[in-house]
Amino acid sequence: MASFTHYWSCVTIDNMVERKCEGGELVHTAGEDFNRHRVLFGDQIYVVNVRRGILYLIGRLRVAKVCSRSEAEAALKEDGLWEATEHLIAVARSGTSMRFKRKVSLRTAKMLRFPNKAGFKKLKCIPRGLLDRQTLRGVRRLDDASAKMLDRLIR
(Lines give C-alpha, C1' and ligand atoms only; values in the text may rest on other atoms or scores of the structure.)
Protein backbone atom coordinates (compact mmCIF):
# COMPACT_ATOMS: atom_id res chain seq x y z
CA MET A 1 0.00 0.00 0.00
CA ALA A 2 1.35 3.42 -0.99
CA SER A 3 0.27 6.90 0.06
CA PHE A 4 -0.11 9.95 -2.15
CA THR A 5 -1.21 13.56 -1.92
CA HIS A 6 -3.64 14.92 -4.48
CA TYR A 7 -4.05 18.67 -4.84
CA TRP A 8 -7.45 20.37 -5.08
CA SER A 9 -7.37 23.95 -6.35
CA CYS A 10 -8.79 26.87 -4.40
CA VAL A 11 -11.60 27.06 -6.98
CA THR A 12 -12.50 23.42 -6.28
CA ILE A 13 -12.45 24.02 -2.52
CA ASP A 14 -14.59 27.16 -2.84
CA ASN A 15 -17.06 25.21 -4.98
CA MET A 16 -17.24 22.41 -2.38
CA VAL A 17 -17.79 24.94 0.41
CA GLU A 18 -20.55 26.62 -1.63
CA ARG A 19 -22.20 23.21 -2.16
CA LYS A 20 -22.07 22.64 1.63
CA CYS A 21 -19.87 19.53 1.37
CA GLU A 22 -18.06 20.26 4.67
CA GLY A 23 -18.25 17.15 6.85
CA GLY A 24 -19.32 14.88 4.02
CA GLU A 25 -17.40 11.69 3.32
CA LEU A 26 -14.57 11.91 0.79
CA VAL A 27 -15.63 9.21 -1.70
CA HIS A 28 -14.09 10.42 -4.97
CA THR A 29 -11.43 12.56 -6.53
CA ALA A 30 -10.36 13.13 -10.12
CA GLY A 31 -7.27 14.14 -12.03
CA GLU A 32 -4.85 13.27 -14.81
CA ASP A 33 -1.84 11.67 -13.08
CA PHE A 34 -3.03 8.70 -11.03
CA ASN A 35 -2.04 6.06 -13.59
CA ARG A 36 1.31 7.74 -14.29
CA HIS A 37 2.10 7.62 -10.56
CA ARG A 38 0.87 4.01 -10.36
CA VAL A 39 -1.96 4.61 -7.90
CA LEU A 40 -3.53 1.22 -7.24
CA PHE A 41 -6.29 -0.51 -5.29
CA GLY A 42 -5.71 -0.08 -1.55
CA ASP A 43 -3.49 3.01 -1.82
CA GLN A 44 -4.28 6.01 0.35
CA ILE A 45 -4.94 9.43 -1.13
CA TYR A 46 -4.66 12.57 1.02
CA VAL A 47 -6.50 15.47 -0.59
CA VAL A 48 -4.70 18.74 0.09
CA ASN A 49 -4.75 22.43 -0.79
CA VAL A 50 -2.31 25.31 -0.32
CA ARG A 51 -3.83 28.74 0.27
CA ARG A 52 -1.75 31.80 1.15
CA GLY A 53 1.22 29.58 1.92
CA ILE A 54 -0.65 27.33 4.36
CA LEU A 55 -1.24 23.61 3.78
CA TYR A 56 -4.79 22.33 4.32
CA LEU A 57 -5.59 18.64 4.70
CA ILE A 58 -9.08 18.08 3.27
CA GLY A 59 -9.37 14.34 3.91
CA ARG A 60 -8.20 10.85 3.04
CA LEU A 61 -9.62 7.93 1.10
CA ARG A 62 -8.50 4.41 0.27
CA VAL A 63 -8.65 3.60 -3.45
CA ALA A 64 -11.15 0.99 -4.63
CA LYS A 65 -10.53 1.67 -8.31
CA VAL A 66 -9.18 4.08 -10.89
CA CYS A 67 -11.73 4.55 -13.65
CA SER A 68 -13.12 6.84 -16.34
CA ARG A 69 -15.51 9.71 -15.72
CA SER A 70 -18.50 7.74 -17.02
CA GLU A 71 -17.65 4.76 -14.79
CA ALA A 72 -17.31 7.09 -11.78
CA GLU A 73 -20.66 8.76 -12.53
CA ALA A 74 -22.34 5.35 -12.72
CA ALA A 75 -20.66 4.11 -9.51
CA LEU A 76 -21.51 7.29 -7.57
CA LYS A 77 -24.93 7.76 -9.24
CA GLU A 78 -23.99 11.36 -9.94
CA ASP A 79 -23.83 13.31 -13.19
CA GLY A 80 -21.53 16.20 -13.99
CA LEU A 81 -18.35 15.04 -12.28
CA TRP A 82 -15.19 16.99 -12.98
CA GLU A 83 -13.96 16.52 -16.55
CA ALA A 84 -10.82 14.52 -15.88
CA THR A 85 -9.66 11.35 -17.59
CA GLU A 86 -8.94 9.50 -14.33
CA HIS A 87 -11.30 9.20 -11.39
CA LEU A 88 -10.69 7.49 -8.06
CA ILE A 89 -13.52 5.81 -6.21
CA ALA A 90 -13.06 5.13 -2.49
CA VAL A 91 -13.38 1.76 -0.82
CA ALA A 92 -16.77 1.82 0.96
CA ARG A 93 -16.63 3.76 4.24
CA SER A 94 -12.88 4.41 3.90
CA GLY A 95 -13.21 8.13 3.22
CA THR A 96 -12.79 10.58 6.06
CA SER A 97 -14.96 13.63 6.61
CA MET A 98 -13.96 16.52 4.40
CA ARG A 99 -12.66 19.50 6.37
CA PHE A 100 -11.77 22.61 4.41
CA LYS A 101 -10.18 24.52 7.30
CA ARG A 102 -7.94 21.75 8.73
CA LYS A 103 -4.54 23.47 8.73
CA VAL A 104 -1.27 21.60 8.77
CA SER A 105 1.30 23.52 10.79
CA LEU A 106 4.24 24.84 8.81
CA ARG A 107 6.51 22.80 11.08
CA THR A 108 4.68 19.58 10.15
CA ALA A 109 4.46 20.54 6.47
CA LYS A 110 8.24 21.04 6.37
CA MET A 111 8.74 17.51 7.77
CA LEU A 112 6.73 15.81 4.99
CA ARG A 113 8.92 13.78 2.65
CA PHE A 114 8.31 12.63 -0.89
CA PRO A 115 10.46 9.78 -2.30
CA ASN A 116 12.27 10.42 -5.58
CA LYS A 117 15.24 8.93 -7.44
CA ALA A 118 17.73 10.98 -5.40
CA GLY A 119 16.23 9.99 -2.03
CA PHE A 120 13.58 12.36 -0.69
CA LYS A 121 12.22 15.73 -1.64
CA LYS A 122 10.60 18.20 0.76
CA LEU A 123 8.04 20.92 0.11
CA LYS A 124 9.26 24.16 -1.41
CA CYS A 125 8.89 27.37 0.61
CA ILE A 126 8.87 30.98 -0.53
CA PRO A 127 11.17 33.55 1.13
CA ARG A 128 8.70 34.47 3.90
CA GLY A 129 8.77 30.85 5.11
CA LEU A 130 5.35 29.96 3.72
CA LEU A 131 4.73 27.11 1.30
CA ASP A 132 5.02 27.81 -2.39
CA ARG A 133 1.53 27.49 -3.86
CA GLN A 134 2.83 25.16 -6.60
CA THR A 135 4.69 22.75 -4.30
CA LEU A 136 1.90 20.16 -4.04
CA ARG A 137 0.25 20.48 -7.45
CA GLY A 138 -0.85 17.20 -8.97
CA VAL A 139 -0.14 13.83 -7.37
CA ARG A 140 2.87 13.28 -5.07
CA ARG A 141 3.92 10.03 -3.38
CA LEU A 142 4.44 10.29 0.40
CA ASP A 143 6.81 8.24 2.53
CA ASP A 144 5.23 6.14 5.31
CA ALA A 145 6.30 8.44 8.16
CA SER A 146 4.71 11.43 6.41
CA ALA A 147 1.46 9.53 5.86
CA LYS A 148 1.38 8.72 9.58
CA MET A 149 1.82 12.42 10.42
CA LEU A 150 -1.17 13.28 8.25
CA ASP A 151 -3.19 10.42 9.77
CA ARG A 152 -2.65 11.91 13.23
CA LEU A 153 -4.06 15.23 12.00
CA ILE A 154 -7.15 13.55 10.57
CA ARG A 155 -7.98 11.77 13.83
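Biologist: Why is N15 called partly exposed?
Modeller: N15 has a relative accessible area of 35%. Buried means under 20%, exposed over 50%, and partly exposed in between, with a 1.4 Å probe and protein chains only. The value of 35% lies in between, so N15 is partly exposed. This is a predicted model, where local features need pLDDT of at least 70, side-chain atom pairs count only at pLDDT 80 or more, and totals for chains, interfaces and linings use all residues. Residues are numbered from 1 along each chain as its sequence is written, and side-chain values use heavy atoms, leaving out hydrogens and water.

Biologist: What makes H87 buried?
Modeller: Its relative accessible area is 0%, which is under 20%, so H87 is buried.

Biologist: Where does H87 lie?
Modeller: H87 is in strand β5, residues 86-90. Strands (E, at least two residues) and helices (H or I, at least four) are DSSP runs, numbered from the N terminus.

Biologist: What makes H87 and the backbone oxygen of W82 a polar contact?
Modeller: The side chain of H87 reaches that oxygen at 3.2 Å. A polar contact is a pair of N or O atoms within 3.5 Å; within protein, one must be able to donate a hydrogen and the other to accept it, and residues adjacent in sequence count only if both atoms are side-chain atoms. The 3.2 Å is within 3.5 Å, so the pair fits the distance limit. The backbone oxygen of A84 lies 3.1 Å from a polar atom of the H87 side chain.

Biologist: Which residues is H87 in contact with, beyond four places in sequence?
Modeller: Among them are H28, K65, C67 and R69. Contact means heavy atoms within 4.5 Å.
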